[in-house]
Amino acid sequence: MATNDYTTGSNTFESKLGGITVTGKAHSLSAWFVLSLRLMMGYAFLHAGWDKVFAAEGFNSSGYLVHAAGANGNPLQGMFLWMGQTAWFVEFANIAVPWGELFIGLGLLVGAMVRLAAFFGALMMAMFYFGNWSIEHGIINGDFAYMLVFLAVAAFGAGRILGLDTLIENYEIGGEKLIEKYPRLDYILG
């Protein structure tokens with residue numbers, strides 16, 4: 001008979017926020033689902049970045065920022081219009097978007113610096129959410145859902161599941177594991 005004892009076992013997790021404690025127990029197959037989310041988002045971003053970085057005509061964000069994101073009624077319309085009309089920002093976005101997607105995807109696929117990659121993936125998806133503003137079917141759309149997938153990948157330490165983050169964390173420097181010597185790396189690795 002199955003029990004609902006959430007106090008023991010390696011699949012148990014707990015969080016306290018604002019005086020509220022939530023506790024859960026993950027199913028033994030959860031690691032495979034978290035891994036599949038990491039690999040799915042990794043492939044999607046690597047592919048999107050690759051297409052932009054190696055496009056014959058190059059990548060130019062100004063048209064999107066001015067004409068799509070800056071004119072679709074989103075609450076950040078003025079900000080997107082400013083970004084698309086500011087030369088230095090367009091130059092920054094023309095490098096940051098394609099290379100960011102490529103490196104986020106690569107990091108997720110190999111499982112290296114996954115929390116850092118997932119954070120920047122979630123940030124990009126938040127910007128895409130407002131840039132592609134469309135709420136005719138409600139405020140939740142694919143960009144918002146992908147942002148949450150990135151956050152879940154980070155929260156569950158998906159880089160430790162068949163990823164390089166486990167090797168990096170356990171690398172020893174002077175007889176001490178890297179993650180023990182530099183505990184703040186936990187915000188980047190995992």
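**Group meeting talk: a walk through a predicted model**

The protein has eight helices and four strands, where helices (H or I, at least four residues) and strands (E, at least two) are DSSP runs, numbered from the N terminus. What we are looking at is a predicted model, in which local features need pLDDT of at least 70 and side-chain atom pairs count only at pLDDT 80 or more, while totals for chains, interfaces and linings use all residues. Residues are numbered from 1 along each chain as its sequence is written, and side-chain values use heavy atoms, with hydrogens and water left out.

Let me begin with the overall picture. If you read along the sequence, the pattern is β-β-α-α-α-α-α-α-α-β-β-α, and the C-alpha atoms fill a box of roughly 60 × 45 × 30 Å, taken along the principal axes. Of the 190 residues, 33% are buried; buried means under 20% relative accessible area, exposed means over 50%, and partly exposed is in between, with a 1.4 Å probe and protein chains only. The accessible surface comes to about 11800 Å², and 67% of that surface belongs to carbon and sulfur atoms; such areas come from the Shrake-Rupley method with a 1.4 Å probe, and for residues only the protein chains shown count as cover. Among contacts with a separation of 6 or more, 62% are between residues 24 or more positions apart, a contact being heavy atoms within 4.5 Å.

Now please turn to helix α6, residues 142–155. How far apart should the ends of its 14 residues be? At 1.5 Å a residue they should span 20 Å, and the end C-alpha atoms are indeed 20 Å apart, which agrees; the expected span is 1.5 Å times one less than the number of residues. The buried residues of α6 are Asp143, Met147, Val149, Phe150, Val153 and Ala154. They cover an arc of only 155° around the axis, which puts them on the same side of α6, and that arc is taken from the directions from the helix axis to the C-beta atoms. Their cover includes α1 (30–53), α4 (87–110) and α5 (114–131). At the start of α6, a side-chain oxygen of Asn141 reaches to within 3.1 Å of the backbone nitrogen of Asp143, whereas after the helix comes Gly157, with a positive phi near 60°.

Helix α3, residues 77–85, can be read in a similar way. The buried residues of α3 are Phe80, Met83 and Gly84. They cover an arc of only 95° around the axis, which puts them on the same side of α3. On the face turned away from that buried side, α3 carries the exposed residues Gly78 and Gln85, and the cover over its buried residues includes α2 (62–68), α4 and α5. In the loop between α3 and α4 lies Thr86, which counts as buried at 12% relative accessibility. Thr86 and Ser62 are 24 residues apart in sequence, and their C-alpha atoms are 8.8 Å apart in space.

Which residue in helix α4 should we look at next? I have chosen Glu101, which has its place in that helix and counts as buried, at 3% relative accessibility. Its side chain is joined to that of Lys52 by a polar contact of 2.9 Å; a polar contact is a pair of N or O atoms within 3.5 Å, where within protein one must be able to donate a hydrogen and the other to accept it, and residues adjacent in sequence count only if both atoms are side-chain atoms. Leaving aside residues up to four places away in sequence, Glu101 also touches others, including Phe45, Leu46, Met124 and Phe128.

Next come the aromatic rings. Rings of Phe, Tyr and Trp (its six-membered ring) pair if their centres lie within 6.5 Å, and planes under 30 degrees apart count as stacked, over 60 as edge-to-face and the rest as tilted. By this rule there are twelve aromatic pairs. The rings of Trp82 and Trp88 have their centres 5.9 Å apart and their planes at 75°, so this pair is edge-to-face. Ring pairs also link Trp82, Trp88, Phe89 and Phe92 into a cluster. Trp82 is partly exposed at 43% relative accessibility, and Trp88 is exposed, with a relative accessible area of 55%.

I will finish with two loop residues. Met113, in the loop between α4 and α5, has a positive phi of about 50° although it is not a glycine, and it is partly exposed at 43% relative accessibility. Leu162, in the loop between α6 and α7 (164–170), has a positive phi near 50° and is likewise a residue other than glycine. Is Leu162 buried or exposed? Leu162 is exposed, with a relative accessible area of 67%.
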